[in-house]
Amino acid sequence: MVKTLGDITQELSEKVLAPARAEADELVQSARKQADALVAEAKAEAEKIRAAAKADAENVRKQMQVDMDTAAR
């Protein structure tokens with residue numbers, strides 16, 4: 001049996017390209033999940049840092065007020 005170019009192309013698509021495309025889709029999906037997890041982790045860490053900085057700034061403000069009150073006496 002002689003294979004035509006169309007037969008060879010179809011066989012190539014079925015045996016090589018389709019599995020490769022499926023694997024690529026799985027890799028992309030996995031990478032997106034990992035990226036989403038990293039972004040969520042970074043946002044949580046940023047919120048912790050923001051809260052800590054806000055608390056530190058409030059403590060400094062309170063200390064400055066105490067120092068100013070003490071100096072005014």
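1. A good place to start is the nonpolar surface patch, which covers about 250 Å² and is made by L12, V16 and L17. Please keep in mind throughout that this is a predicted model. Of the residues in the patch, L12 is found in helix 1, which runs over residues 5–72. Is L12 buried or exposed? The answer lies in between: L12 has a relative accessibility of 44%, so it counts as partly exposed.

2. Now for the fold as a whole. How many helices and strands are there in the chain? The chain has 1 helix and 0 strands. Its radius of gyration is 31 Å, well over the 11 Å that the globule rule gives for 73 residues, so the chain is more spread out than a compact globule. The box filled by the C-alpha atoms tells you about the outline too: along the principal axes, the box is roughly 105 × 15 × 5 Å.

3. A pair of residues helps to give a feeling for these distances. A22 and I49 are 27 residues apart in sequence, and their C-alpha atoms are 41 Å apart in space. A22 lies in helix 1. With a relative accessible area of 38%, A22 is partly exposed, because buried would call for under 20% and exposed for over 50%.

4. What share of the 73 residues in the chain is buried? Buried residues make up 0% of them. As for the surface, the accessible area of the chain comes to about 6,800 Å². Carbon and sulfur atoms account for 61% of that surface.

5. Next come the salt bridges, of which the structure holds 4. As background, side chains of opposite charge can pair when their charged atoms come close. Two of the pairs to look at sit within helix 1, namely E47 with R50 and E58 with R61.

6. Take E47 and R50 to begin with. Their side chains meet in a salt bridge, with 2.5 Å from N to O. Both residues lie in helix 1, 3 residues apart, which is about one turn of the helix. E47 has a relative accessible area of 45%, so this residue is partly exposed.

7. Farther along the numbering, E58 forms a salt bridge with R61, and the closest N and O atoms are 2.6 Å apart. Here too the partners are both in helix 1 and 3 residues apart, about one turn of the helix. E58 counts as partly exposed because its relative accessibility is 31%. R61, at 45% relative accessibility, also counts as partly exposed.

8. Which residues are joined into one network by salt bridges that share partners? They are K3, E11 and K15. Within this group, E11 forms a salt bridge with K3, the closest N and O atoms being 2.7 Å apart. E11 has a relative accessibility of 28% and so counts as partly exposed. K3 is partly exposed as well, with a relative accessible area of 46%.

9. Last, a word on the charges of the chain. There are 12 positive and 14 negative charges. How far apart are their mean positions? The mean position of the positive charges and that of the negative charges are 5 Å apart. You may like to view this value beside the box of roughly 105 × 15 × 5 Å that the C-alpha atoms fill.

Key. Residues are numbered from 1 along each chain as its sequence is written. This is a predicted model: local features need pLDDT of at least 70, side-chain atom pairs count only at pLDDT 80 or more; totals for chains, interfaces and linings use all residues. Side-chain values use heavy atoms; hydrogens and water are left out. Patches are made of residues with over 30% relative accessible area and no salt bridge: like charges are joined within 9 Å, nonpolar side chains (Val, Leu, Ile, Met, Phe, Trp, Tyr) within 5 Å. Accessible areas come from the Shrake-Rupley method with a 1.4 Å probe; for residues, only the protein chains shown count as cover. Helices (H or I, at least four residues) and strands (E, at least two) are DSSP runs, numbered from the N terminus. Buried means under 20% relative accessible area, exposed over 50%, partly exposed in between (1.4 Å probe, protein chains only). The radius of gyration is taken over C-alpha atoms; the globule rule is 2.2 Å times the number of residues to the power 0.38. Lys and Arg count as positive and Asp and Glu as negative; His and the chain ends are not counted. The place of a charge is taken as NZ of Lys, CZ of Arg, CG of Asp or CD of Glu.
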